[in-house]
Structures are given as C-alpha cells and as structure tokens.
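Grab a pencil and work through these short exercises on strands and sheets. Try each task yourself before you read its solution.

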Amino acid sequence: MKIALVANSTWNIYNFRLNVIDKLLAEGHEVIVIAPIDEYVEYKEQYPTVQHVNLRTLDRDSTNPLKDMVLVAELIRKYKKLKPDLILHYTNKPNIFGGIASKMAGVPSIAMVTGLGYAFIHKGWIRDVTTKLYQFVAKYHEKFIFENIEDRELFDSLGITKGDQGVSIKGCGVNTTYYHPYPNGQMTPGEKVNFTFIGRLLYDKGIGEYVAAAKIIKEKYPYVTFSIVGELDPDNPATVDKEDLVGWTANDIVKYYGFQKDVRPFIAKSDCIVLPSYREAIPRTITEGMAMGKPVITTDTAGCREAVDIGQNGYLAEVRSTSSLRKVFEQFINLTAEARHKMGELGRQKAVNEFDDRKIAADIYTQIELILDQNTIN
C-alpha cells in the first residue's frame with residue numbers, strides 16, 4: 001500500500017521519522033514524503049525509492065488564516081493526485097489543516113502529535129484557537145498518536161479525542177546503535193564536571209534557568225563547566241535574545257558551541273545531559289544522552305518525567321525554577337564516580353528497553369496496520 005508522511009520540514013523527517021520510513025519499507029509499502037524541501041532532503045540518497053514531494057505553502061509560524069486555506073488547497077490537490085492509502089500527519093499545522101485536506105480528498109489519516117509546543121505552553125489566544133481547531137478536525141482523523149501519556153490525557157480532557165481514538169507511544173525513538181556508550185562517571189569530586197544543554201535556544205527549553213543556575217554553581221564549584229549546543233530559532237516566539245547569549249558567553253558562565261550536526265562528541269565529553277524544558281513530547285536529547293550512558297537532568301513536567309527514574313538514571317527539577325535546578329546540579333556534583341557511572345548504565349538500559357527507535361517504529365506500525373485492515377474490510 002501507499003503511505004504518505006506529511007511534516008512541516010524535511011529536517012523533521014531526517015531527524016525524527018527515518019525509523020518509521022524504514023519500518024514501512026521493510027513491510028513492503030510504498031512511501032511518499034510531503035514536506036517543504038530544505039538541505040536535509042539529502043536523506044533521499046539513502047532512500048531512493050521514497051518519493052519526496054515539496055510542500056510550498058506551509059508556513060509553520062504564520063497565524064494568517066488565508067495562508068492556511070491556501071495550504072489546505074495545496075494538500076487536497078496533492079492527496080488527490082498521489083492517492084495514498086493512508087496519511088501520517090506530523091506536527092500541529094499538518095495535523096489540523098492536513099486533517100481537513102485528507103477528509104476532502106477521501107484519504108484516511110493519523111494525527112501524529114509530536115509535542116504541543118509554544119501554543120500549549122503559553123496561555124492565550126493562540127492556545128485557544130489551536131484547541132478549537134483540533135476539536136473541529138478530530139473527527140477527520142482515524143487515530144491520534146501521542147508521544148507521551150499526558151498529551152493524550154490533555155486531549156481527552158479538552159474533548160478533542162474520544163474513547164480509544166488517542167494512543168500514546170514513548171517518543172519518536174532514539175537509534176541506540178548510533179548513540180552508543182562512551183566511558184562515563186570516572187571523575188571524582190573536586191575534578192572538572194561538565195553539564196551540557198543540547199537543544200534549540202528557546203526560553204521554553206529552560207535555557208534561562210540553566211544559565212542562572214550555572215552562575216550560582218560556578219561561584220561555589222569553580223571546577224564545574226556548563227556547555228550549550230544548539231542554534232537560535234528566530235521564527236519561534238520563545239527564541240533566545242542574541243544579547244542574552246552574548247552576555248552568557250562573555251561572562252564565562254557557559255561555553256557555547258553553536259549548532260552541531262553530530263552531537264555525539266559533545267555528549268561523550270559530558271558528565272550529565274541537561275534539558276530543563278517547560279514541556280516536551282519525550283525529550284530526544286535526553287534519550288540520546290541516556291543511550292550514550294550519560295546521567296540526565298530534566299524537569300518534572302509532561303514528557304520529560306517519563307524519561308527519568310529519579311535517582312536511578314537522573315534527576316528532575318521543578319519547572320521554571322532556578323533554585324530547584326541549582327539543588328539538582330549540586331546533588332549530582334556530590335555523587336561518587338561509581339554512582340555517576342551506575343546512573344549512566346541504568347539510563348542506557350532504559351533507552352534500549354523503552355525508547356529504541358526500532359521498538360517505537362514497530363509500535364506505530366501496529367496502529368497503522370489496524371487502520372489499514374479496518375479500511376480494507378470496509
């Protein structure tokens with residue numbers, strides 16, 4: 001059968017969906033990707049049989065309804081021309097406007113909710129409108145697949161999903177072969193300890209609290225270093241102010257390494273991977289750190305807490321709390337080398353058992369099969 005994946009960027013496909021493509025191809029399906037073309041279309045070299053169709057009119061940050069209607073029209077044309085048997089929509093705009101288009105084109109659809117992002121973190125008209133739109137289009141999707149339990153429960157409570165329409169699967173998965181362990185936890189108290197934040201430079205990722213806590217820690221523990229790996233996202237309303245970033249690095253609070261296509265060397269040099277986010281699906285950088293045998297620190301919020309067994313493979317800090325994050329940093333600093341090493345080992349086990357991308361792809365495919373079988377019968 002012919003299955004289409006629709007996303008707001010080819011970057012999204014390259015970084016998060018190749019495991020699903022692998023599974024679909026292995027099961028004998030024809031795969032079409034519909035997404036705005038960017039530099040990450042290079043994935044096609046590894047997948048010559050996958051058809052990639054450019055999506056010209058998707059503007060992920062626009063709030064202009066006319067632009068969104070143009071997007072719906074483009075999707076309807078593409079769906080009618082390509083005639084897929086099932087469409088997997090990823091991220092909010094494809095979920096909402098692709099849902100409308102799939103209904104009008106007569107194609108079954110799954111909404112893949114990959115995290116709720118800015119619209120649901122911040123209360124206001126954008127959240128209200130996004131909720132109303134989801135409530136309107138929910139009936140056009142056969143299933144909603146969420147990347148954590150609490151997002152599914154939220155959609156149930158808002159009346160968006162009903163009955164067994166929503167299912168949760170643990171994130172998008174991490175390649176536990178590509179992200180493999182390096183020596184970990186061999187340092188002793190009093191020697192250099194390196195915490196590393198990896199992610200887009202958004203205040204919603206808790207980077208402000210990370211830097212503020214780092215400043216306090218460095219006054220007491222001058223041998224501790226804090227690193228940041230990631231890039232600014234100027235199209236996101238929560239993007240870090242460039243002046244803030246300059247100030248953090250100029251004052252030697254953090255070391256900034258910019259965007260890195262391969263983060264493994266930076267994880268390898270770290271003692272602990274940190275993401276004090278306000279809300280996530282399942283935080284990918286945290287599961288990457290776990291897969292490489294690193295202890296992790298994140299926040300006690302939706303998605304993030306599913307990745308951490310407190311005191312086993314890492315710690316949870318309170319959301320938006322510099323003081324809580326500082327306490328957790330200090331707790332980690334004072335661990336023995338053996339305790340850090342054990343944390344890393346337990347994190348690796350958890351990543352393999354729960355978050356391996358082949359397992360996640362198999363879980364998603366189970367839901368796909370149910371829908372394909374149901375529509376074949378009907």
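**Exercise 1.** Find the residue in β11 that is the bridge partner of T196, then work out what lies on the other side of β11.

*Solution.* In this predicted model, start from T196: its bridge partner in β11 is I273. That contact belongs to the pairing of β8 (residues 193–198) with β11, a parallel pair joined by three bridges. Next, follow I273 onward: in β12 its bridge partner is V296. β11 and β12 (residues 296–299) also run parallel, again with three bridges. Finally, look at how the chain gets from β11 to β12: with helix α11 (residues 284–291), the two strands make a right-handed β-α-β unit.

**Exercise 2.** Decide which residues sit on each face of β11, and whether they are buried or exposed.

*Solution.* Recall that side chains in a regular strand alternate between the two sheet faces. Now sort residues 272–275: C272 and V274 go on one side, I273 and L275 on the other. Then check accessibility, with buried meaning under 20% relative accessible area. All four are buried, so both faces of β11 are covered.

**Exercise 3.** Which strands stand at the edges of the seven-stranded open sheet?

*Solution.* Write down the order first: β3-β2-β1-β4-β5-β6-β7, with parallel pairing. β3 (51–54) and β7 (166–168) each have a single partner strand, so one side of each lacks a neighbour in the sheet. The twist from one strand to the next averages 20 degrees. For one pairing inside that order, take β5 (residues 109–113) and β6 (residues 143–146): four bridges join them in parallel, and A111 has F144 as its bridge partner in β6.

Note on methods:
Residues are numbered from 1 along each chain as its sequence is written. This is a predicted model: local features need pLDDT of at least 70, side-chain atom pairs count only at pLDDT 80 or more; totals for chains, interfaces and linings use all residues. Side-chain values use heavy atoms; hydrogens and water are left out. Buried means under 20% relative accessible area, exposed over 50%, partly exposed in between (1.4 Å probe, protein chains only). Two strands pair if DSSP finds at least two bridges between them. A crossover is right-handed if, with the strands pointing away from the viewer, the path from the first strand over the helix to the second runs clockwise. Axes are lines fitted to C-alpha atoms, for helices over the stretch in contact, and angles run from 0 to 180 degrees between N-to-C directions.
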